[in-house]
Amino acid sequence: MTGRDHRDLGGPTEKCGVVGVSLDERAAARPLYYALYALQHRGQESAGIVTHDGFQQHSHVEMGLVGDAFGEDDLDQLNGPVGIGHVRYPTAGSVNACCAQPFSVSFKSGSLGLSHNGNLVNADEIRDELAGLGHAFTSDGDTEVIAHDLARNLLEEDLVRAVKRTMSRIHGSYSLTIMHDDTVLGVRDPEGNRPLCIGEVDDGYLLASESAAIDVLDGELVRDVEPGELVILRPDGEGFDAYQLFDRENSAHCFFEHVYFARPDSTIDDQLVYDVRRDLGRALWAESGVDTDVVMPVPDSGRAFASGYADAAGEDGADVEFAEGLMKNRYVGRTFIMPTQDARERAVRLKLNPIKDIVQDRTVTLIDDSIVRGTTSTQLVQLMRDVGAEAVHVRIGAPPIVAPCYMGIDMASREELIAADRTTEEIGEEISADSLEYLSIESVAGALDQSRADLCLGCVTGEYPYDIDGETTDRDVERPTIGSEPAAADD
Ligand code: SF4
């Protein structure tokens, strides 16, 4: 499903999408606008672009979808061949215009624009320290904290050393596109939790959360930004310089990007998301395939899982039909969103309608990417029974979500998560399925072609790759000590 669908149905919702471009002479505004359109699934709360024309910044940031946030006049006034953009789903900070991004501001050290995807663990500590040193904050978001820290470091250091110094102080998940005066740069946190990639177009280079944003500009994916790497796009679109500022033994990619958040047509960390989802579906059949008449995806992201599952079943000689038996009403929009159980239950009935002829008097396997609260799954199983299914099995292409996410995904609290305190069997009973199985962590790592140690698995193990108050960590990470003036960054 897209994030919007999941939000409507009470599932996890995405974080944000970031982009930055440096072109030869062409105005950056429209390429940024198209790129943000391609990243719309990552955030629908607000959209913004900040450009620089060599003399000054130009900014336009609005609440709402990309198509609603910008008119022709807005794009015309965003002058300059360099710029950054952002689509936001609120993670840290309030749900209002003050936290919409890119965050842009002028300091003594020059103008700065920042777009942030992720969530810092120690933003409050740094904010308190900087406030004590006289910095005035206008929002409660962690992006402004990064901006102030970087601006302060830029007073004493060159750009690379200033970024390194800020990175040594902030702890958590971040992929950033930054504009310092008319220089665009991108940074990925040392654990590489959030995606960020480099693309090339005819007259320049860009940085984006997902490669789909490069595709819409007829560009080519160059490569991912490495965890702990800083990439500076040269002016005039002439190339980029890369600096490996931090090296960790292990990364901590959010496995949910491939499972569900990213677009299937994006390539992240060298893997096409669609292929990974098909492989996850195949692994699901291998682990817990059940013979039924029909395999049915929960649209949209369940499709790739279900087609992989059905193919693998067919190769094993199972007589299983793959069918799109749940039709989505695409016009149930945000006006329907209400944070109550009743609203969420009704949203399912409005959004997904079963095709009776496919389901009636048959055994069905429903394939989905995750179960969060269980509301959607319960409703879908009931829908299948209402139209005459003989049996309803549910297979999930990810492990049970047992803990919240502190890295920027709105996953619900522990109390709300159906798997936090129940076994798979108990959840199956609760959603009234004839059987329920999840995919193992080992199979997820296998499909992602990553070692388990290089993935963030916080929401499915309760152990996180960062030092988070009150939680356990699955690695040797140390939160920086904040509160005294930091030492200068090493070369
Ligand atoms: S806790 Fe889960 S959703 Fe959050 S970053 Fe880690 S894997 Fe992704």
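1. Start with helix α9 (255–261) and the second largest cavity of this predicted model. α9 supplies three residues to the lining of that cavity, the largest share. Two elements give two or more residues to this lining, namely α9 and α17 (458–461). The lining has 13 residues in total, and those nearest the centre of the cavity are Cys254, Cys405, Ile409, Cys456 and Cys459. By character, ten residues of the lining are nonpolar, two are polar and one is charged.

2. How much space lies in the second largest cavity? The volume comes to about 90 Å³. For context, the search of the whole structure turned up seven cavities of 30 Å³ or more. Rolling a probe the size of a water molecule over the atoms is what reveals such empty space.

3. Stay with α9 for a moment, as this helix also appears in the largest nonpolar core. That core holds 48 residues, and Phe255, Phe256, Val259, Leu280 and Met411 have the most contacts inside it. At least two core residues come from each of α9, α10 (273–288), α11, α16 (441–447), β24 (455–456) and α17. Which of these elements gives the most to the core? The answer is α11, with six residues.

4. Next, have a look at the annotated site. The UniProt record, an unreviewed entry, lists Ser301, Asp368 and Asp369 under "binding site". These residues span 69 residues in sequence, yet no two of their C-alpha atoms are more than 7.4 Å apart, so they gather at one spot. Ser301 sits in the loop between β17 (294–297) and α11 (302–315), while Asp368 belongs to strand β21 (residues 363–368).

5. Are Ser301 and Asp368 buried or exposed? Ser301 has a relative accessibility of 6%, so this serine counts as buried. Asp368 is buried too, with a relative accessible area of 6%. The cut-off behind both calls is that buried means under 20% relative accessible area.

6. The loop that holds Ser301 has another feature to check. Asp300 is also placed in the loop between β17 and α11, and the peptide bond leading to Asp300 from Pro299 is cis, with omega near 5°. A second cis bond joins Gln101 and Pro102, where omega is about 5°. Pro102 lies in the loop between β4 (82–88) and β5 (103–107). These bonds deserve a look on screen, because most peptide bonds are trans.

7. Helix α14 (residues 375–386) is a good one to trace by eye. This helix has twelve residues and reaches 16 Å from its first C-alpha to its last, close to the 16 Å expected at 1.5 Å a residue. Its buried residues are Thr375, Thr376, Ser377, Gln379, Leu380, Val381, Leu383 and Met384. Gln379 counts as buried because its relative accessibility is 14%. The C-alpha atoms of Gln379 and Ser435 are separated by 15 Å, with the two positions 56 residues apart along the chain counted as their separation. Just after α14, Gly388 takes a positive phi of about 100°.

8. Compare that with helix α6 (residues 142–154). Its 13 residues reach 19 Å from the first C-alpha to the last, close to the 18 Å expected at 1.5 Å a residue. How many residues of α6 are buried? Twelve of the 13 are, and the helix is mostly covered. The buried residues include Asp142, Glu144, His148 and Asp149, along with Val145, Ile146 and Leu150.

9. Two aspartates have a backbone angle to note. Asp218 has a phi near 55°, and Asp236 a phi near 65°, both positive values in a residue other than glycine. They catch the eye because most residues other than glycine have a negative phi. Asp218 is in the loop between α8 (212–215) and β11 (220–224), and it counts as exposed at 71% relative accessibility. Asp236 is in the loop between β12 (229–233) and β13 (240–244), and is partly exposed, with a relative accessible area of 44%.

10. One last stop is Asp291, in the loop between α10 and β17. At 58% relative accessibility, this aspartate counts as exposed. Asp291 and Asp319 are 28 residues apart in sequence, and their C-alpha atoms are 7.7 Å apart in space.

Definitions and conventions
Residues are numbered from 1 along each chain as its sequence is written. This is a predicted model: local features need pLDDT of at least 70, side-chain atom pairs count only at pLDDT 80 or more; totals for chains, interfaces and linings use all residues. Side-chain values use heavy atoms; hydrogens and water are left out. UniProt positions are given in the numbering used here, feature names are shortened, and annotations may be inferred rather than shown by experiment. Helices (H or I, at least four residues) and strands (E, at least two) are DSSP runs, numbered from the N terminus. Buried means under 20% relative accessible area, exposed over 50%, partly exposed in between (1.4 Å probe, protein chains only). The expected span of a helix is 1.5 Å times one less than its number of residues. On a 1 Å grid over the protein atoms alone, a cavity is a set of points where a 1.4 Å probe fits but cannot get out, and a pocket is an open set with protein on both sides within 12 Å along at least five of seven lines; lining residues have an atom within 4 Å of a point. Grid points are joined across faces, edges and corners, and a volume is the space filled by probe spheres set on the points. Ala, Val, Leu, Ile, Met, Phe, Trp, Tyr, Cys and Pro count as nonpolar, Asp, Glu, Lys and Arg as charged, and the others, Gly among them, as polar. A nonpolar core is a set of buried Ala, Val, Leu, Ile, Met, Phe, Trp, Tyr and Cys residues joined through side-chain atoms within 4.5 Å.
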